[in-house]
Amino acid sequence: MAKREDQPSGIGAGSLHGAEDGTGGGSANVLRAVRPRRNRRADWARRLVRETVLTPNDLIWPLFVVAGSGVREPVESMPGVVRHSVDEAVKAVAEAASLGIPAVALFPYTDPGLRDETGSQALNSDNLVCQACRAVKDKVPDIGIVTDVALDPYTSHGHDGLLENGRILNDETVEILVEQSLVQVRAGADIIAPSDMMDGRVGAIREALEAEGLIDTQIMAYTAKYASGFYGPFRDAVGSSVTLSGDKRTYQMDYGNSDEAIREAELDIAEGADMIMVKPGMPYLDVLQRLKSAFGMPTYAYQVSGEYAMLSAAFERGWLDRDRCVLEALSAFKRAGADGVLTYFAIEAAKTLNAT
Ligand code: PBG
């Protein structure tokens, strides 16, 4: 820096396009000119130097399932997203498969009358998620099915675990989550995704799967799941915004922390996770990048409901260009190190990508 300041100002300014050390004078500056724009000047050149490429293979599509048949029920806070009855879900998943999307993630809207203190519907082998798993496996066998392990769509209090005197019980909840996982795998789930953030759940689920001989089931751990305001529209979709009492800060992570995400990842990997995830997505790209570079695991980002709502609201107002911003946002996850993204934009993004 001191050296640079000693130089005549003309060379200092010229060094932007020329020799970094300022030696050699004017003609050397021209010969050695560094012009980053050369690689951007034509479409073919940009394609040649592009580092990150998004394809439909990078997308996991979360979809909501509701009772009934022929139902496609809009979720108000997520324009364009619907709750599907199982028959409609099968059609939607078939479309996802035809677009090249490798996996879908299923989330149930449970009838309020079926919700109780302990979330017992989570263990019903004929619950909506299990019905959807069986139907999808039957009709669309070549797509991967991810199922959410947590109690919040099933409990009358909207929490992911058992609630006792205002506290969420850890180990008692884990026992139920293990059963929930087995029920889902028997119905056809390929990837179990515990989103509950109880301690030790990945290891307990892995142990039970091995004990049952279910050795091929993958576990995608919601490793760094933050207590976030961005889940609001999802809770509308699964009906837990009305049931939820209080918040989830005693089990989901504090958004001030990122070393803690490293510790969570160490645990999940040691306990047998095959894939790890960071959630929400765009406000947590730093965490994603840290986890990918620290562990080199298959690492996923969840572009959550609030991110979808935020972008969709701007698209509706004409404030942002839909096609451009969807692909730009999804590509950012890959650039930061994600191997894939759970996104409500999966169908339209896959269509756009397939068309170009
Ligand atoms: C439930 C669960 C949530 C999401 C995925 N699984 C909500 C929550 O923890 O309250 C959020 C997904 C989204 O916002 O899109 N355990």
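**Exposure, salt bridges and a charged patch**

Q: Why is Asp 339 called partly exposed?
A: Asp 339 has a relative accessible area of 32%. Buried means under 20%, exposed over 50%, and partly exposed in between (1.4 Å probe, protein chains only). The value for Asp 339 therefore falls in the middle class. The model is a predicted one, in which local features need pLDDT of at least 70 and side-chain atom pairs pLDDT 80 or more, whereas totals for chains, interfaces and linings use all residues. Residues are numbered from 1 along each chain as its sequence is written, and side-chain values use heavy atoms, leaving out hydrogens and water.

Q: What makes the contact of Lys 292 and Asp 339 a salt bridge?
A: The term requires a side-chain nitrogen of Lys or Arg within 4 Å of a carboxyl oxygen of Asp or Glu. In this pair the N to O distance is 2.8 Å, so the criterion is met. Lys 292 lies in helix H11 and Asp 339 in the loop between helix H13 (322-335) and strand E12 (340-342), so the pair ties together parts that are 47 residues apart in sequence. Helices (H or I, at least four residues) and strands (E, at least two) are DSSP runs, numbered from the N terminus.

Q: How is Lys 292 itself classed, buried or partly exposed?
A: With a relative accessible area of 22%, Lys 292 is partly exposed.

Q: What makes Asp 259 and Arg 290 a salt bridge, and which helices hold them?
A: Their side chains meet at 2.9 Å, N to O. Asp 259 belongs to helix H10 (residues 259-271) and Arg 290 to helix H11 (residues 285-295), so parts 31 residues apart in sequence are tied together. Asp 259, at 49%, is partly exposed, as is Arg 290 at 34%.

Q: How do the partners Asp 247 and Arg 249 differ in exposure class?
A: Asp 247 has 42% relative accessible area and is partly exposed, while Arg 249, at 63%, is exposed. The closest N and O atoms of this salt bridge are 3.1 Å apart.

Q: How many salt bridges does a search of the whole structure find?
A: The search finds 18 salt bridges.

Q: What makes Arg 38 eligible for a surface patch, and which residues gather with it?
A: Patches take residues with over 30% relative accessible area and no salt bridge, joining like charges within 9 Å and nonpolar side chains within 5 Å. Arg 38 has 45% relative accessibility, and gathers with Arg 35, Arg 37 and Arg 40 in a patch of positive charge. Arg 38 is placed in the loop between helix H3 (25-31) and helix H4 (43-49).

Definitions and conventions
Areas by Shrake-Rupley, 256 points an atom, 1.4 Å probe, with all protein chains shown as cover. Lys, Arg positive; Asp, Glu negative; His and termini not counted. Charge placed at Lys NZ, Arg CZ, Asp CG, Glu CD.
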